[in-house]
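Got your viewer open? Load the model, switch to a cartoon view, and we'll go round it one selection at a time.

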Amino acid sequence: MRPLFTASGVLLLLVIDTLLMIVPLLLLALLRLILPGRRLRAACGRGVMWCAEHWVEIGKRIFATLIPTVWDIRGSAGLRRDRSYLLVCNHQSWVDIPALLEALGGRVPFFKFFLKQELIWIPFLGLAFWALDYPFMKRHSKAYLERHPEKRGEDLEITRRACARFRNIPVTLVNYLEGTRLTPLKHAQQASPYRYLLKPKAGGLAFALASLGPQLDALLDVTLVYPGQRIPGFWDLISGQVPRVIIDIQTRELDPALWQGDYQNDADFRQYVQVWVTRLWEEKDARIARLRGVPA
């Protein structure tokens, strides 16, 4: 089945959707900064979220109408917009974000992503990410940190400040534990022990839990699978070359012990969190194999 529009036509409609919604979103975000009074600022904040949610809904309708991709969503029953979730997901492609929005948009509170600082320079979208209070992370290499030890822990402090803004409101906090998209080269360079995943990083998750743990109602363990041999890109999606995407959602309870320690200074607690993350990732790797129909 071919898409009803060309890829360029779908892309044009997505750009129009973005431009139509981003202008009022940014105006409301600026008013939120300058208006006096908590009620006025809160009203502007609600307006920002209204724009963001309708931006996503229009995008979903464009996909549903014009591309043939089947979104095979499993495990979404019982999710609520008035609860807070920590969402962890494997990361393979730019298609991951449309897949998450298709599966969970409108079913849970609007996503809050931790983003690489470079993404703030994307035209229009970078400003939208800023308006939506997405935290921008600076990732330094080991060599850089050896030359500038004062920068150690900078990302963790950003995490702490960002999570403070999310307290007392329903939120879906998205954490890609791998920190980057999966490629065969990265997989080989890491000597990853997993068949379908890169090694997970526990630090950002641990500090998010330390800041928001008591507020979080559940863990959403999301696994994305693209049946076939090749991981598709965004152009593949909008040109109708992604026949099916599996989005498997496992809702899990969060152990309060995960936020009742000092990850940075307590070696035993740090190991406890890392072991928990490792087990989660082992289960996810096995789940991907099952979803792909690969023998254990």
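How many helices and how many strands make up the secondary structure of the chain? Colour by secondary structure and you should find ten helices and eight strands, where helices (H or I, at least four residues) and strands (E, at least two) are DSSP runs numbered from the N terminus. Before you click further: this is a predicted model, in which local features need pLDDT of at least 70 and side-chain atom pairs count only at pLDDT 80 or more, while totals for chains, interfaces and linings use all residues. Residues are numbered from 1 along each chain as its sequence is written, and side-chain values use heavy atoms, with hydrogens and water left out.

**Select the whole chain**

Along the principal axes, the C-alpha atoms fill a box of roughly 60 × 55 × 45 Å. Of the 296 residues, 48% are buried, meaning under 20% relative accessible area, with exposed being over 50% and partly exposed in between (1.4 Å probe, protein chains only). Now think about contacts (heavy atoms within 4.5 Å): among those with a separation of 6 or more, 75% come from residues 24 or more positions apart.

Put a surface on next. The accessible surface comes to about 15,600 Å², and carbon and sulfur atoms own 58% of that; the areas come from the Shrake-Rupley method with a 1.4 Å probe.

**Select 172-175**

This is strand S6, and it is covered on both faces. Thr172 and Val174 are buried on one side, Leu173 and Asn175 on the other.

Which strands pair with S6? Add 85-89 to the selection: that's strand S2, parallel to S6 over four bridges (strands pair if DSSP finds at least two bridges between them). Zoom in on Val88, whose bridge partner in S6 is Asn175. Then add 111-113, strand S3, which also runs parallel to S6, joined to it by three bridges. Here, Phe113 has Val174 as its bridge partner in S6.

**Select 133, then 191**

Two loop stops to finish, both for the backbone. Asp133 sits between helix H4 (125-131) and strand S5 (136-137). Its phi is positive, about 65 degrees, although Asp133 is not a glycine. Asp133 is partly exposed, with a relative accessible area of 24%.

Buried or exposed: what is Ala191? Exposed, at a relative accessible area of 57%. Look for Ala191 in the loop between helix H7 (184-190) and helix H8 (203-212). Ala191 has a positive phi too, near 50 degrees, in a residue other than glycine.
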